[in-house]
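Please open the structure in a viewer and keep the sequence panel visible. The tour below proceeds by selection, stating at each stop what is to be found there.

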Amino acid sequence: MSMRNNKNSTQKMTIAESLRLTIQQEMERDKKVFCIGEDIGIKGGFGGAFTVTLGLSEQFGHERILDTPISETGIAGVAIGAALSGMRPIADVQYSDFLFCAMDQLVNQAAKLRFMSGGKLKVPMVMRAPGGATTRGSQHSQSLESYFLHVPGLKVVCPSTAYDAKGLLTSAIRDDSPVLFFEHKLLYGSKGNRAEKGSISPVGEVPLYDYTIPFGKAKIRKKGKDVTILGKLRSVYTALEASKTLDQHKISCEVIDPRTIVPFDSKLLFNSVKKTGRLVIVDECTKTGGWAGEISALVQENIFKYLKKPVVRVTAPDTPVPFAPKLENFFIPQAKDVVKEVLKLF
Amino acid sequence: MNKKLLLSMHRKMLTIRLFEEKLNSLFLQGQIPGTLHLYNGQEACAVGVCENLSDKDWILSTHRPHGHAIAKGVSLQSMMAELFAKETGCCGGFGGSMHVGDINKGSVPAIAIVGGNIPIATGVALSFKMQKRKNVVCCFLGDGAINEGAFHEGVNMASIWGLPLIFVCENNLYGASTRIENMIGVEKLTDRLKGYGVKSFSVDGMDVTKVYTMINNLIKKIKSGQGPFFLECKTYRFVGHSRSDTNKYRQKSEEIFWKKKDPIIRIEKKLVKEKILDTLSIDKIYEEIKHELNQAVKFAKSSPHPKILNMKKYVYA
Ligand SMILES: Cc1ncc(C[n+]2csc(CCOP(=O)(O)OP(=O)(O)O)c2C)c(N)n1
Ligand SMILES: [Mg+2]
């Protein structure tokens, strides 16, 4: 790739391109890094379900871009075993929905081996998982970040921009813990016939040089003073869209993107809520037992007296993801839903 | 094989083919949401199997379910309406392409988690046995599914309990872009079944009469107390894996080789040769099916959208 000639510069790219570049650079830097998953390196194939590993098997060969049978328990388990014994695998499940097939390995094994061994073992693996609703019905559309939030021992990462995707994936690969790396299907910006209908496709300047973004550092996407809106992945964009409408109502929104939900940057959130006194959490995960509820509890436990109004959750309802676009639009939190809830707070 | 049966199988295969051709063109025009996994080329498998089954025999299906559902008798109108995401669809617009089916026809709404349908089929067969129902279960699966843990657990349990179940494995050589032969440590995928004590067979999945006869025999064996069985149907998908796939991982020569075995052309040749049909009457059948499909599209388009109100209602029974 020509981009490697001038490593000091930046380049405009999509999240899919940013992730691909990251994997490429980390694999060049460290022989221990390899990719494992279904349809990731087949000649003439897809480069994974969303093109992230496209072309990498040509550069690194099929031993380091390792295509597997359709065996998610195996993919997760093999990644864990390799991680335990000196490698740094980046595993891929084509759709985050299939993480459920690998649940024992991820939850009972990856998350616990360090703890059960009294700190003697480490599992430096990344599990990449594309989520989000895109009219594919109940088994290919879920947002599952909240499930993994509930598992002590896993880190959970949720990039929403091309810049963050690179910095966070680099950190994830170098981290000694198992990391669940959630990507949103509508944010990839995949081109050509892999483009998703309804994509938001953030394109951003991405440094070609090596950099990391530390986990647990949130980002203020928009400064404001009247209400804090917290959202991750696609919901960051929903929040930003809502904030534009709310500007017209003379309500100034502070939009926060946590970037990682485990660990979570409570300090930045608390500072914002102390200032605004109002918090709305937007999330594509279903409501009950979800991330939004967890943050709500965290805020009321710690900074209750700063709250002018109860914390509000704008999430998906407690149902599976429906197929029909009309229902799916209802399922996914929309900017207008956020606007409606924010207006009620004033 | 009698004339009526051949004609029926021909019509069903053709219906599946034309249904999906229509569907694909509507999809490309942006009228159908979501994604599609087309069955084009594999029609003889679904039809050869389902022609042996009654509404009380059940099938379980995969992410590539249109052919299975139509062969099992799910109405074209309810299928088309489902794909248009309408309330009159076979799953009320809640399921979509990867989940079509109609339990009244013995077609369990399809399961799109590869291998996920396999232990469930074992459960259905167990329940048939417990209830002394004299029916059989056919579980469709792809070649790729045999590498899921769920396959191994489901097949083994069916075996130890001797269940009235046929695993119908449509070996189209690929799971998405991945060739099955590179993903198994045995020479033939049917070698796997020895390890579970399940008798396995292979059949030319491009010849509907052969699939039909094989399943017919296996059902007879099941009725005499044997089972389960595993049938490999050797087949090929003539199109991409899903909506955007252009098959760059396949050799053109391989595609040409298989296209020559087109199961519909094959049965039409047979029907003409045996003087059951002439080309004129075949054309007429095409027209009849196309008319039916246009009606189905009309029905789907004029149907109402599903109601948001029903979302909560369908979460719990
Ligand atoms: C558990 C699971 N893993 C991966 C997928 C993604 N996926 C959908 S179809 C498919 C290939 C299936 O191959 P095969 O079983 O041979 O069926 P075919 O597509 O050839 O009909 C894959 C990997 C899935 N749906 N479910
Ligand atoms: Mg296959």
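Helices and strands are DSSP runs numbered from the N terminus, a helix having at least four residues and a strand at least two. The model is a predicted one.

**Stop 1: a loop residue in chain A**

Select A:G86, which is found in the loop between α3 and β4 (88–92) of chain A. Is A:G86 buried or exposed? A residue counts as exposed if 12 or fewer other C-beta atoms lie within 10 Å of its own. A:G86 is exposed, because 8 other C-beta atoms lie within 10 Å. Add A:L113 to the selection: the C-alpha atoms of A:G86 and A:L113 are separated by 15 Å, with the two positions 27 residues apart along the chain.

**Stop 2: helices α3 and α4 of chain A**

Two packed helices are described by the angle between their axes and the distance between the axes. Select residues 72–84 of chain A, helix α3, together with residues 103–110, helix α4; their axes come within 7 Å and cross at roughly 30°. Angles under 35 degrees count as roughly parallel, so α3(A) is roughly parallel to α4(A). On the α3(A) side, display A:T73, A:A76, A:G77 and A:I80, which meet A:D104, A:Q105, A:L106, A:Q109 and A:A110 in α4(A). The residues of this contact of α3(A) with α4(A) divide into 4 nonpolar, 4 polar and 1 charged.

**Stop 3: strand β2 and its partners**

Move to strand β2, residues 33–37 of chain A, where 5 of the 5 residues are buried. In a regular strand the side chains alternate between the two faces of the sheet. Here A:V33, A:C35 and A:G37 point one way from β2(A), while A:F34 and A:I36 point the other way, and all are buried.

Next, show the neighbours of this strand. β2(A) runs parallel to β4(A), to which 5 bridges join it; the partner of A:V33 in β4(A) is A:R88. Strand β3, residues 65–67 of chain A, is likewise parallel to β2(A), with 3 bridges between them. To find the register, select A:C35, which stands opposite A:I65 in β3(A).

**Stop 4: from β4 through β5 to β7**

From β4(A), continue to β5(A): the two strands run parallel and are joined by 3 bridges. A:D92 stands opposite A:R128 in β5(A).

Select residues 126–131 of chain A to isolate strand β5; 6 of its 6 residues are buried, so the strand is largely enclosed by the rest of the structure. One side carries A:V126, A:R128 and A:P130, and the other A:M127, A:A129 and A:G131, all of them buried. Then add strand β7, residues 179–184 of chain A, which pairs with β5(A) in the parallel sense over 6 bridges. The bridge partner of A:G131 in β7(A) is A:H184.

**Stop 5: the open sheet of chain A and helix α8**

Now select the 5 strands that form an open sheet with mixed pairing, in the order β9-β11-β10-β13-β14 (chain A). Which strands stand at the edges of this sheet? β9 (219–222) and β14 (312–316) of chain A do; each has a single partner strand, so one side of each lacks a neighbour in the sheet. On average, neighbouring strands of this sheet are turned by 25° against each other, direction ignored.

Within the sheet, highlight β10 (residues 227–231) and β13 (residues 279–286) of chain A, a parallel pair joined by 4 bridges. A:T228 has A:L279 as its bridge partner in β13(A). Then display helix α8, residues 234–248 of chain A, which lies across β9, β10, β11 (253–257) and β13 of chain A and runs at about 155° to β10(A).

**Stop 6: chain B and the ligand site**

Show both chains: their contact takes 32 residues from chain B and 31 residues from chain A. The chain B side that touches chain A divides into 15 nonpolar, 14 polar and 3 charged residues.

Select ligand 1. Residues from chains A and B surround ligand 1, so the site is shared between chains. Of the 20 residues around ligand 1, those that come nearest are B:V114, B:G142, B:G144, B:A145 and B:G175. The shell around ligand 1 divides into 9 nonpolar, 7 polar and 4 charged residues.

Finish at helix α2, residues 43–50 of chain B, where 8 of the 8 residues are buried, so the helix is largely enclosed by the rest of the structure. Among them are B:E43, B:C45 and B:C50.

Terms used
Residues are numbered from 1 along each chain as its sequence is written. Chains are lettered from A and ligands numbered from 1 in the order in which they are written. This is a predicted model: local features need pLDDT of at least 70, side-chain atom pairs count only at pLDDT 80 or more; totals for chains, interfaces and linings use all residues. Two strands pair if DSSP finds at least two bridges between them. Axes are lines fitted to C-alpha atoms, for helices over the stretch in contact, and angles run from 0 to 180 degrees between N-to-C directions. Two residues are in contact if their C-beta atoms, placed from the backbone, lie within 7 Å. Ala, Val, Leu, Ile, Met, Phe, Trp, Tyr, Cys and Pro count as nonpolar, Asp, Glu, Lys and Arg as charged, and the others, Gly among them, as polar. A residue is near a molecule or strand if its C-beta atom, placed from the backbone, lies within 6 Å of it. Angles under 35 degrees count as roughly parallel, over 145 as roughly antiparallel, 65 to 115 as roughly perpendicular and the rest as oblique. A residue is buried if 20 or more other C-beta atoms lie within 10 Å of its own, exposed if 12 or fewer, and partly exposed in between; C-beta atoms are placed from the backbone.
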